[in-house]
Amino acid sequence: MNKHSSIAGIRKEYQLQSLLENDVDDDPLIQFKTWWKHALESKIDEPNAMTLATTSTSGKPSARIVLLKEINQNGFVFFTNYKSRKGNEITENPFVALLFFWKELERQVRIEGEIKKIPTEESDQYFFQRPRESQIGAWSSPQSRVIENREFLNENVLKYTSQFGIHNIPRPDFWGGYIVEPDSIEFWQGRPGRLHDRLHYVLTEHNIWNIERLAP
Ligand SMILES: Cc1cc2nc3c(=O)[nH]c(=O)nc-3n(C[C@H](O)[C@H](O)[C@H](O)COP(=O)(O)O)c2cc1C
């Protein structure tokens with residue numbers, strides 16, 4: 001196979017920027033916000049798309065994309081169906097990982113920590129801001145369950161549309177937000193010759209963030 005058409009032949013030299021100890025904030029959430037700002041400024045498509053990895057007690061991992069909806073001083077918030085596969089795995093094991101890949105900036109951010117449900121009032125607040133169609137969608141989809149066919153969803157949409165009529169749609173109790181409270185965050189910046197910069201923040205038992213450099 002021609003070297004340029006093979007998968008193994010796909011390679012890119014990273015050269016946009018560096019990431020040095022002097023460049024970063026002591027607090028990884030503030031550092032994340034700085035990189036987040038850069039991601040917004042560089043008009044990356046869906047910079048809020050992040051991979052969420054979970055594991056059940058069997059130890060088998062699973063991963064999927066979810067959308068970041070808020071960053072606060074405690075962590076990273078997203079919304080989903082609490083009875084989905086991810087929801088069930090989170091109930092079994094609350095330790096999860098998040099991953100952002102912002103290829104236009106040659107950056108990756110790896111986050112690990114414990115996940116918790118956000119308070120119900122905050123889930124309500126977000127649910128009520130969603131378009132009506134998405135609210136009906138949340139009621140209509142038993143996320144991750146095997147369903148007969150597409151018609152099943154269409155029928156559910158008709159059923160809930162008629163059930164709620166013109167009234168406000170309540171949040172289903174099986175749908176809401178989670179927050180990932182990090183104890184480890186790594187910022188990765190691509191560099192030439194595969195000698196990338198990796199700065200790893202680890203939360204110590206005294207609740208202080210230590211920064212260490214990892215070999216690429
Ligand atoms: C760009 C993108 C954004 C997504 N955002 C969400 C989200 O915010 N919440 C969610 O539950 N699923 C989201 N999904 C769907 C999930 O990837 C996944 O299919 C779904 O949550 C079921 O996962 P599970 O069966 O592992 O629980 C998104 C998918 C893509 C590709």
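This short dialogue walks through a ligand site and a set of paired strands in a predicted model.

User: Which residues surround the ligand?

Analyst: A residue is counted when one of its heavy atoms lies within 4 Å of the ligand. Here the shell consists of Glu46, Arg64, Ile65, Val66, Leu67, Phe79, Thr80, Ser84, Arg85, Lys86, Gln143 and Ser144. By character they split into 4 nonpolar, 4 polar and 4 charged residues.

User: Nice. Which elements supply at least two residues of that shell?

Analyst: Strand 2 (61-67), strand 4 (75-81) and helix 2 (85-92) each do so. Strand 2 gives the largest share, with 4 residues.

User: How do I read the polar contacts, and where are they on the ligand's oxygen atoms?

Analyst: Look for pairs of N or O atoms within 3.5 Å. An N or O atom in the Arg64 side chain sits 2.8 Å from a ligand oxygen. For Ser84, a polar side-chain atom is 3.4 Å from an oxygen atom of the ligand. With Arg85 the backbone takes part: one of its N or O atoms is 3.3 Å from a ligand oxygen. As for cover, the ligand alone exposes 620 Å², and the protein buries 63% of that.

User: Now the strands: how many bridges join strand 5 to strand 6?

Analyst: Two strands count as paired with at least two bridges between them. Strand 5 (residues 95-102) and strand 6 (residues 107-117) run antiparallel and share 8 bridges. Phe101 faces Gln108 of strand 6. The two strands make a hairpin with 4 residues between them, and Glu106 in the turn has a positive phi of about 55 degrees.

User: What pairs with strand 6 over 11 bridges?

Analyst: That is strand 7 (residues 175-189), again antiparallel, with Ile111 opposite Ile185 in strand 7.

Definitions and conventions. Residues numbered from 1 in each chain as written. Predicted model: local features only at pLDDT ≥ 70, side-chain atom pairs only at ≥ 80, totals over all residues. Heavy atoms only, no water. Polar contact = N/O pair within 3.5 Å; in protein donor to acceptor, adjacent residues only side chain to side chain. Areas by Shrake-Rupley, 256 points an atom, 1.4 Å probe, with all protein chains shown as cover. Nonpolar A, V, L, I, M, F, W, Y, C, P; charged D, E, K, R; others polar.
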